Amino acid sequence: MEFLYINHVGFPLLSIIIFLPAISALIALVVPAHAVRWWALAVTVITAVLSLLLLVKFDTTTALYQFGEHHLWIPAINVHYTLGVDGISILLVLLTAFVMPLCVLASWKSITERVKEFHVALLLMEMAMIGVFCALDAVLFYLFWEAMLIPMFLLIAVWGGPRRSYAAMKFFIYTLVGSVLLLAAIIALYFTSEPHTFSIPQLMGQQFGFNFQVIIFLACAFAFAIKVPMFPFHTWLPAAHVEAPTAGSVILAGILLKMGGYGFLRFCLPITPLASTALMPYLVALSIVSIIYGGLTALAQSDVKKLVAYSSVGHMGFVTLGIFAFSVTGIEGAMLQMINHGITTGALFLAVGIIYERLHSRELSAMAGIGKFMPVFIVFLTVFGLSSMAFPGLNGFIGEFLVLAGAFGISPWVMAAAIPGAFLAAAYMLRFLQRTIWGGVSNPDHSALHDISLREVIVLAVPVLFVFWIGLAPKPLIDVMHVSAAHLADQVHAAASAASGTKAVRPW
């Protein structure tokens with residue numbers, strides 16, 4: 001296919017990266033229970049190493065899809081098994097591949113029941129998430145999108161907290177409703193395209209009528225807004241985060257939320273550019289509301305998991321704000337913000353899980369003053385907290401800066417409306433750090449606490465490396481995404497310019 005960049009790897013690398021975890025999950029069913037942790041760790045590490053080959057061989061000078069695989073799958077309805085990555089999706093594949101080994105390590109001691117089934121669910125989850133970022137056929141994309149639902153539901157419902165059934169069901173219902181609308185949009189796109197196709201790159205080249213684009217945009221945007229999540233579709237997130245095991249919270253924050261932003265970039269902007277442009281003010285307004293609401297709600301929390309969960313609503317609001325700035329700067333900022341949020345917020349949930357294993361409480365009051373007894377842990381926690389509030393020199397700063405620069409391109413007033421979100425992030429995160437490190441005049445007795453182990457140091461040291469690397473030298477990541485981000489911005493602006501001079505080709 002002409003839209004796929006043919007690389008020189010010589011073998012189906014993307015298929016191997018996607019299905020290695022799934023095949024390994026089946027093998028894990030017969031692996032002895034005492035060895036299944038090591039098996040899952042080995043598989044996730046190998047997958048991460050293989051994903052590095054994508055980056056090594058990636059051509060940053062083209063916006064075409066690379067490492068392409070294209071095979072006819074269901075001839076009757078023209079469904080193809082089509083895979084490929086560009087500068088937008090490759091970083092999300094790498095993020096997924098590197099987060100999963102940390103999830104296995106973080107669960108080493110906390111998961112003591114149904115250990116084999118837990119790691120099978122993790123491996124199946126990895127397969128589905130990487131598949132979403134690599135799929136270039138809408139049906140294949142949807143299958144991977146739905147495949148995430150069951151293992152994530154099980155992670156919450158089986159290994160979650162006291163209200164795990166409620167949280168898992170809420171997550172399932174919200175996601176399923178959005179998925180039904182996404183499926184309806186995919187079917188409508190197939191029958192309206194000429195010729196009929198499920199190919200995502202080919203759908204981007206169609207000239208759909210404005211009314212049809214609006215309907216498709218709204219259906220897709222609803223599904224993606226739930227996944228982000230944007231206000232007011234966010235209410236499933238705090239419940240899911242609070243009740244999920246540590247690995248589940250890391251996957252939710254680190255990867256699943258990014259699928260909403262990725263959906264906007266892959267579907268809404270290039271396939272429905274006219275609708276995206278027309279509805280941009282409403283999406284920008286919702287993004288700003290999410291930023292402010294997430295910050296204010298996080299500031300009011302005493303449960304640390306809820307605090308970090310609501311902070312995600314605010315941080316992902318910056319992502320959607322950057323996306324709908326329709327500029328190269330805004331899109332690059334949104335992409336960096338997604339990567340940075342996955343690293344930092346995932347690390348915060350890892351840190352919270354470490355404390356919960358010791359105190360069996362998520363309340364700030366129970367954690368007050370642990371800095372005296374866990375100094376090494378506090379160093380890591382402080383780095384992640386400063387990164388979350390976008391402290392200069394750390395990874396959170398550059399992404400947020402680019403998003404605000406993109407917002408200024410919309411209007412100085414839009415940027416001004418988003419800036420309070422940065423102040424709120426500093427307020428709730430500094431409050432969290434102050435209470436945790438020093439506490440007050442009468443703190444609980446933490447003299448029996450021991451500092452983090454070597455395993456826990458490794459778990460937290462990996463994200464710390466990326467926090468400083470991206471914060472001090474973001475250019476390599478920006479180079480990877482730049483051409484694809486510029487191409488996407490050009491697609492939207494070209495469609496808007498063409499529509500301003502002529503009527504749409506087809507009303508439906």
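## Exercises on a predicted model

Gln206 sits in the loop that runs between helix H8 (200-204) and helix H9 (210-227). Keep in mind as you work that this is a predicted model.

**Exercise 1. Decide whether Gln206 is buried or exposed, and find which backbone atom its side chain reaches.**

*Solution.* Begin with accessibility: Gln206 has a relative accessibility of 14%. Buried means under 20%, so Gln206 counts as buried. Next, follow the side chain. The side chain of Gln206 reaches the backbone nitrogen of Glu194, at 3.1 Å. A polar contact needs N or O atoms within 3.5 Å, and the 3.1 Å between the Gln206 side chain and that nitrogen is within this limit.

**Exercise 2. Place Glu113, decide whether it is buried or exposed, and work out how far it is from Phe19 in sequence and in space.**

*Solution.* First, the place: Glu113 belongs to the loop between helix H3 (89-106) and helix H4 (115-134). Second, the surface: Glu113 has 60% relative accessibility and therefore counts as exposed, the cut-off being over 50%. Third, the distance: 94 residues separate Glu113 from Phe19 in sequence, and their C-alpha atoms are 26 Å apart in space.

**Exercise 3. Find how many disulfides the structure has, and explain why Cys134 is not in one.**

*Solution.* Start with the idea: a disulfide is a covalent bond between the sulfur atoms of two cysteines. Searching the whole structure gives zero disulfides. Now take Cys134. Its closest cysteine sulfur belongs to Cys103 and is 18 Å away, which is too far for a bond. Cys220 is in no disulfide either; there the nearest cysteine sulfur, in Cys268, is 5.1 Å away. The cut-off to hold this against is 2.5 Å. To finish, check accessibility: Cys134, at 0%, counts as buried, and Cys220, at 2%, counts as buried too.

**Exercise 4. Describe the largest pocket: its space, the residues closest to its centre, the helices in its lining and the kinds of residue found there.**

*Solution.* Take the space first: the largest pocket holds about 570 Å³. Its lining has 23 residues, and those closest to the centre are Ser110, Ile111, Trp159, Gly160 and Pro245. Then look at the helices. At least two lining residues come from each of helix H6 (149-159), helix H10 (236-243) and helix H14 (328-359). H14 gives the most, with three residues. Last, sort the lining by kind: eight residues are nonpolar, seven are polar and eight are charged.

Technical notes: Residues are numbered from 1 along each chain as its sequence is written. This is a predicted model: local features need pLDDT of at least 70, side-chain atom pairs count only at pLDDT 80 or more; totals for chains, interfaces and linings use all residues. Side-chain values use heavy atoms; hydrogens and water are left out. Buried means under 20% relative accessible area, exposed over 50%, partly exposed in between (1.4 Å probe, protein chains only). Helices (H or I, at least four residues) and strands (E, at least two) are DSSP runs, numbered from the N terminus. A polar contact is a pair of N or O atoms within 3.5 Å; within protein, one must be able to donate a hydrogen and the other to accept it, and residues adjacent in sequence count only if both atoms are side-chain atoms. On a 1 Å grid over the protein atoms alone, a cavity is a set of points where a 1.4 Å probe fits but cannot get out, and a pocket is an open set with protein on both sides within 12 Å along at least five of seven lines; lining residues have an atom within 4 Å of a point. Grid points are joined across faces, edges and corners, and a volume is the space filled by probe spheres set on the points. Ala, Val, Leu, Ile, Met, Phe, Trp, Tyr, Cys and Pro count as nonpolar, Asp, Glu, Lys and Arg as charged, and the others, Gly among them, as polar.
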